[in-house]
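The following report introduces a structure to a reader who is seeing it for the first time. It begins with a single pair of side chains and then turns to other parts of the structure.

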Amino acid sequence: MISVIAVREQEIEKKFQSRTTPLFIPFITAGDPSLEATVKIALALEQAGADILELGVPYSDPLADGPTIQGASARALRNGVNIETCVRLAGQMREQGLTIPVILFTYYNPVLQYGIESLFQLMRKQGVDGILIPDLPVEESGEVIALSKQYSIPLISLVAPTSKQRIRKIAEQAEGFIYCVSSLGVTGTRNQLSDGVEDFLKEVRANSKVPIAVGFGISTPEQMQQLAPFADGLIVGSALVKTIEANSELLQNADTAEKGLENIKRFVQNLKCGVR
Amino acid sequence: MGIVPDQYGRFGQFGGKYVPETLMNAIEELEIAFHEAKEDPKFQAELESLYKYYSGRATPLYFAENLTRHLGGAKIYLKREDLNHTGAHKLNNALAQGLLAKRMGKKKIIAETGAGQHGVASATVAAKLGLECKVFMGEEDIRRQQLNVFRMQLLGAEVIPVHSGTKTLKDATNEAIRYWVSHVDDTFYLIGSVVGPHPYPMMVRDFQRIIGDETKAQILEQEGRLPDTVVACVGGGSNAMGMFYPFIQDHDVQLIGVEAAGHGVDTDMHAATFAKGKKGVIHGALTYLLQDEWGQITEPYSISAGLDYPGVGPEHAYLKESGRASYHPITDQEALEALQLLCTTEGIIPALESAHAVAEVLKLAPSLPSDHLLVVCLSGRGDKDVEAIQGYLTK
């Protein structure tokens, strides 16, 4: 069967333009607990009100990730997932009706080995709308940015509380939106967000032509509410990955998968209470 | 060959800074501090004093007469880095980075370690300079190097076991980087090899070049000319880079790096990055590394914890690509045989890492003429390995 996935243009931009509240941007690891479950989870997330999906490519050495996403990555790798399967999985999501933008989250080495241009070609075909590479700072991103423009698939840049004078340089070439890292450290839930986060977000906003989203450490509706006035998007990763892990058995059994998906939707709806 | 690295931290196409944005400011600050320290006579004097009175430098360049006679070929010299305080070349770099940390006002240092030698060196420097020290070490390496773990604790460092991934040096490095991302404000990351993002490969090379600088002066004094061949083992490659660097412009000096072939390069059990690796990014640098077709970093293996690393310093990748240095694999078995031979001929127990370099000498020396000068970097002593060696030899 030859599937035709509709050509997509500037989906991320459109999404931010049409927002009334900050966009909810969940992160999931492709292939955890299984490839099949990941497609269903993506669709459930859209139904529960996700605005953009970050799809994580599992990696053997995820330097920017804490134990939760490291664990998901290791489980997905045991399922034989690679960067190509992840992109094709986005295509399967599209075939099954997913409409929200999908951003591929991947470390740089798998991109290099697949071939940067080959990856952009495949992402274009499979309906991926953006790419984020946490270990590719602006100084090293020339080749990827050139291709991202050629294929109209924005490279999402990160800024951190330590970026200081780098914020302007990063903002100048930013595409899609800027991903603001809320606090020092790797991904993972935090009881408390760092004190300066609001001033940091204001500074990024003042320098940026594109919308800004914030992530790292967001796990409760209260934190969503705290950050909502300062960002155009809120990214939740580890807390969701933990919920998926907790429902892993339900999700992998055909009789109970629905129940697992309901639990995930409930988690998301609860989080979204914070931004209504 | 021009001056490397360039302003972007590139050795030809290799090197660079592939790290999370959170760390970029810290490595930019580090680069500035390093250049300032390098130009500061006070910093240099303090470092030289520590090298001389604390570490016991200069280390001897020793003519291994018995080994030379036994092999019946090239004239073999050993650069005795094993005689440094703490038993390996690692202290050269740790002392310098420790001083730099202090100069930058950082009170806490973190380090990764494989064999434990760099961990011991870091713990030593922390004690000497009054810094707080955490050492990240893979669980598997902790098992293999119990003595060094205790040594670090005795020196007042905290050893943090790393359970992730393959539980060896690569994972210890990942975990140290993750910790650094969380504590970058007050913590200095003391990397132990010529790996990682710029400026580390350049900085560690410059802090280790004393090995080659001394060797050059010593061989000129003893033989009146430069060596024909220089051999050193390569995990990340700091002793080799330190030894090679001062000889790079001396085109008649052949440079040979020795990588760990474990059970053999045609098995799944080796750490032969050049023989079997491909270009990619590991721990912040573009270099050669062991990986699968999808860019997942694969498990390296070597009898020697210090060579059990899936990547290699980017400047080595550059030296290999440009043809200036060549890199040869040596198996566990060959290293063990070389270790025993050095023990019985010279009364020197080398570290398992250094035994790989000695093994290459056993292959090369017999077919070379007696006026061929062959220098091998004996990067560390074998005391830490004695128990493991006993285990292998009585199997």
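In this predicted model, B:Lys279 and B:Glu321 form a salt bridge in which the closest N and O atoms are 3.2 Å apart. The pair links distant parts of the chain, since B:Lys279 is in strand β11 (residues 278-282) of chain B and B:Glu321 is in helix α13 (residues 314-321) of chain B, 42 residues apart. B:Lys279 is partly exposed, with a relative accessible area of 33%, and B:Glu321 also counts as partly exposed, at 37% relative accessibility.

A search of the whole structure finds 44 salt bridges over all chains, and the table sets out some of them.

| Salt bridge | Closest N to O distance |
|---|---|
| B:Lys279 and B:Glu321 | 3.2 Å |
| A:Arg75 and A:Glu245 | 3.5 Å |
| B:Glu140 and B:Arg143 | 2.7 Å |
| A:Arg166 and B:Glu21 | 2.8 Å |

In chain A, the bridge between A:Arg75 and A:Glu245 also links distant parts of the chain, with A:Arg75 in helix α3 and A:Glu245 in helix α11 (residues 238-246), 170 residues apart. A:Arg75 is partly exposed at a relative accessible area of 22%, and A:Glu245 is partly exposed at 39%. The bridge between B:Glu140 and B:Arg143 lies within a single helix, α6 (residues 139-144) of chain B, where the two residues are 3 apart and are therefore separated by about one helical turn. B:Glu140 is partly exposed, with a relative accessible area of 27%, whereas B:Arg143 is exposed, with 54%.

**Where the chains meet**

The contact between the chains takes 38 residues from chain A and 35 residues from chain B. About 2900 Å² is buried between chain A and chain B, and carbon and sulfur atoms give 51% of this area. Of the area that chain A buries against chain B, A:Leu63, A:Gln113 and A:Glu140 supply 22%, more than any other three residues.

Between chain A and chain B the count is 4 salt bridges, and one that joins these chains is the bridge of A:Arg166 with B:Glu21. These two residues also belong to a network of salt bridges that links A:Glu139, A:Arg166, A:Lys169, B:Glu21 and B:Glu28. Across the interface there are 20 residue pairs in polar contact. On the side of chain A that touches chain B, the largest share, 6 residues, comes from α5(A), and the residues of that side divide into 21 nonpolar, 9 polar and 8 charged.

**Inside chain B**

An unreviewed UniProt entry places the feature "domain: Tryptophan synthase beta chain-like PALP" at residues 57-380 of chain B. Over those residues the chain is 41% helix and 21% strand, and the end C-alpha atoms are 14 Å apart.

UniProt, again in an unreviewed entry, lists B:Lys90 for "modified residue: N6-(pyridoxal phosphate)lysine". B:Lys90 is found in helix α4 (residues 90-103) of chain B and is buried, because its relative accessible area of 16% is under 20%. Among the residues that B:Lys90 touches are B:His118, B:Ser193 and B:Gln208. B:Gln208 is itself one of the buried residues of α9(B), a helix (residues 200-208) that is mostly covered, with 9 of its 9 residues buried.

B:His270 has its place in the loop between β10 (254-262) and α12 (273-276) of chain B, and at 9% relative accessibility B:His270 counts as buried. The side chain of B:His270 reaches the backbone nitrogen of B:Ala272 at 3.1 Å, and the residues that B:His270 touches include B:Lys276, B:Glu299 and B:Tyr301.

Technical notes. Residues are numbered from 1 along each chain as its sequence is written. Chains are lettered from A and ligands numbered from 1 in the order in which they are written. This is a predicted model: local features need pLDDT of at least 70, side-chain atom pairs count only at pLDDT 80 or more; totals for chains, interfaces and linings use all residues. Side-chain values use heavy atoms; hydrogens and water are left out. Contact means heavy atoms within 4.5 Å. Buried area is the accessible area (1.4 Å probe) that two parts lose on being put together, summed over both. A salt bridge is a side-chain nitrogen of Lys or Arg within 4 Å of a carboxyl oxygen of Asp or Glu. A polar contact is a pair of N or O atoms within 3.5 Å; within protein, one must be able to donate a hydrogen and the other to accept it, and residues adjacent in sequence count only if both atoms are side-chain atoms. Helices (H or I, at least four residues) and strands (E, at least two) are DSSP runs, numbered from the N terminus. Ala, Val, Leu, Ile, Met, Phe, Trp, Tyr, Cys and Pro count as nonpolar, Asp, Glu, Lys and Arg as charged, and the others, Gly among them, as polar. UniProt positions are given in the numbering used here, feature names are shortened, and annotations may be inferred rather than shown by experiment. Buried means under 20% relative accessible area, exposed over 50%, partly exposed in between (1.4 Å probe, protein chains only). Lists of a residue's contacts leave out its neighbours within four places in sequence.
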